[in-house]
Amino acid sequence: LNWHFSDIAIMARSISEITTPEERQLWDRISLLEADHHVDAIACRLRLTVSVTSYSAAAHLPWNKLSQIQHYVQKRHLVSADCAISCEQELTLLEQPDVVEFGQRSAPEIMTRRAVLQQLVSARSQDMTSGPAPLPLVPAPVRLGPQLDDSGFDRVVDKSYEQDLNLIDRVTASLQGVAYSRPAGERPSLTEAAALRFLDGLFSDGVMSLNAPFVLLYELFTQTIQLQVVPGDDSTMVASMLLRVAASNGSSSVENSVLRALEANPNIRDDMPLWGSDEMKRKMHVTIMTF
């Protein structure tokens, strides 16, 4: 109860069989402490497990042995030296049939740890004449589980831009392009409260309701518009964040492919034509880009 874990670790060495009614009553009461997941507490329970089961393999344990072993394997790098069980004791626990079955079924980290300990304990016994011959070195099985399917922003390869030769005309005529209310001025600069009000106006109902027109993000990337909530903010970083929200569903489009190229290739931003300029109306010339 007072986290005197090192004292319990020492005391565990002297525990043998639980025989008398008084001993069984006290032993069962320890189950009330199972909710304590401190790694040293788990190590102490395993020390008690080793001490008791060495006298009787069928001894009743007031905690779930399998979950305690799994937690210890997962947290063993955090256990203190005073409380850690020895490699031999840990291997003894991991080689028990019910633990092996549990590891094969639900806890691959237990099987990996078991394979590592087998090699380690075998190597230690090499200098002991009475010990078993060391096992041949084999790779430890590492099961990382299934790879998660991530369709996030950085996993999308969008080359739609290469397939559209009339990008400027189409975007200019699009609803978003027409509805875009550009801040006044040739190169407007919004700071502090004005920048916050402008950003707030892009969200109609929550974070995912962002309406960030292509033209706005294009001008932020090419720094035709400066948007600084805090003086010194990088407008291109603001554009990157807005783009990631706007394209969070992983969809592809001609407009997004251009913005993705600008986001991934900072070196070309200064060479891009300004929105609405004669150069842009003639053509959009883009150098080698990574999509």
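# A first look at the fold around helix H7

Among the elements of this protein, helix H6 (residues 97–106) has the highest mean pLDDT, 92, while helix H9 (residues 175–179) has the lowest, 44. Those confidence values belong to a predicted model, and they are a good place to begin. For the protein as a whole, the mean pLDDT is 75, and 70% of the residues reach 70 or more. Two stretches deserve some care as you look around. Over residues 173–178 the pLDDT is below 50, and this stretch has seven contacts in the model beyond near neighbours in sequence. The pLDDT is also below 50 over residues 281–291, a stretch with 29 contacts beyond near neighbours in sequence.

## The overall picture

The secondary structure comes to 14 helices and two strands. The protein has 291 residues, and 40% of them count as buried. Of the contacts with a separation of 6 or more, 67% are between residues 24 or more positions apart.

## Three helices that meet H7

Let us now turn to helix H7, which covers residues 108–124. Helices H4, H5 and H6 each have a row in this table, with the values for their pairing with H7.

| Pair | Axes come within | Crossing angle |
|---|---|---|
| H4 (residues 65–75) and H7 | 10 Å | roughly 65° |
| H5 (residues 87–94) and H7 | 9 Å | roughly 135° |
| H6 and H7 | 6 Å | roughly 125° |

We can take the pairs one by one, beginning with H4. With axes that cross at roughly 65°, H4 and H7 are therefore roughly perpendicular to each other. Their crossing is left-handed. On the H4 side, the residues that meet H7 are Ile69, Gln70, Val73 and Gln74, and their partners in H7 are Glu109, Ile110 and Arg113. Sorted by class, this contact has three nonpolar, two polar and two charged residues.

Next comes H5. The axes of H5 and H7 cross at roughly 135°, and the two helices are therefore oblique to each other. H5 also passes H7 in a left-handed crossing. From H5, the contact draws on Cys87, Glu88, Glu90, Leu91 and Leu94; from H7, it draws on Ile110, Arg113, Arg114, Leu117, Gln118, Leu120, Val121 and Arg124. By class, that gives seven nonpolar, one polar and five charged residues.

The last of the three pairs involves H6. At a crossing angle of roughly 125°, H6 and H7 are therefore oblique to each other. Val99, Val100, Phe102, Gly103, Gln104 and Ser106 of H6 make the contact with Pro108, Ile110, Met111 and Arg114 of H7. Here the classes come to six nonpolar, three polar and one charged.

## Ile110, a residue to find in the model

One name in those lists is worth locating in the structure: Ile110, which lies in helix H7. Ile110 takes part in the contact with H4, in the contact with H5 and in the contact with H6. Is Ile110 buried or exposed? Its relative accessible area is 0%, so Ile110 counts as buried.

Which residues does Ile110 contact, leaving aside its neighbours within four places in sequence? They are Ile69, Gln70, Val73, Leu94, Val99, Phe102 and Gly103. Another residue to look for here is His71, whose C-alpha atom is separated by 9.7 Å from that of Ile110, although the two residues are 39 apart along the chain.

## A mostly covered helix

Further along the chain is helix H13 (residues 254–264), which is mostly covered, with ten of its eleven residues buried. The buried residues include nonpolar ones such as Val254, Val258, Leu259, Ala261 and Leu262. Glu255, Asn256, Ser257, Arg260 and Glu263 are also among the buried residues of H13.

## Two residues with positive phi

Finally, two residues other than glycine have a positive phi. For Glu192, phi is near 50°. Glu192 is found in helix H10 (residues 192–200), and its relative accessibility is 44%, so Glu192 counts as partly exposed.

The other residue is Gln223, with phi near 60°. Gln223 lies in the loop between helix H11 (214–221) and strand E2 (226–228). Gln223 is partly exposed as well, with a relative accessible area of 34%.

Terms used:
Residues are numbered from 1 along each chain as its sequence is written. This is a predicted model: local features need pLDDT of at least 70, side-chain atom pairs count only at pLDDT 80 or more; totals for chains, interfaces and linings use all residues. Side-chain values use heavy atoms; hydrogens and water are left out. Axes are lines fitted to C-alpha atoms, for helices over the stretch in contact, and angles run from 0 to 180 degrees between N-to-C directions. Helices (H or I, at least four residues) and strands (E, at least two) are DSSP runs, numbered from the N terminus. Angles under 35 degrees count as roughly parallel, over 145 as roughly antiparallel, 65 to 115 as roughly perpendicular and the rest as oblique. A crossing is left-handed if the near helix is turned anticlockwise from the far one by less than a right angle, and right-handed if clockwise. Contact means heavy atoms within 4.5 Å. Buried means under 20% relative accessible area, exposed over 50%, partly exposed in between (1.4 Å probe, protein chains only). pLDDT is the predictor's confidence in each residue, from 0 to 100.
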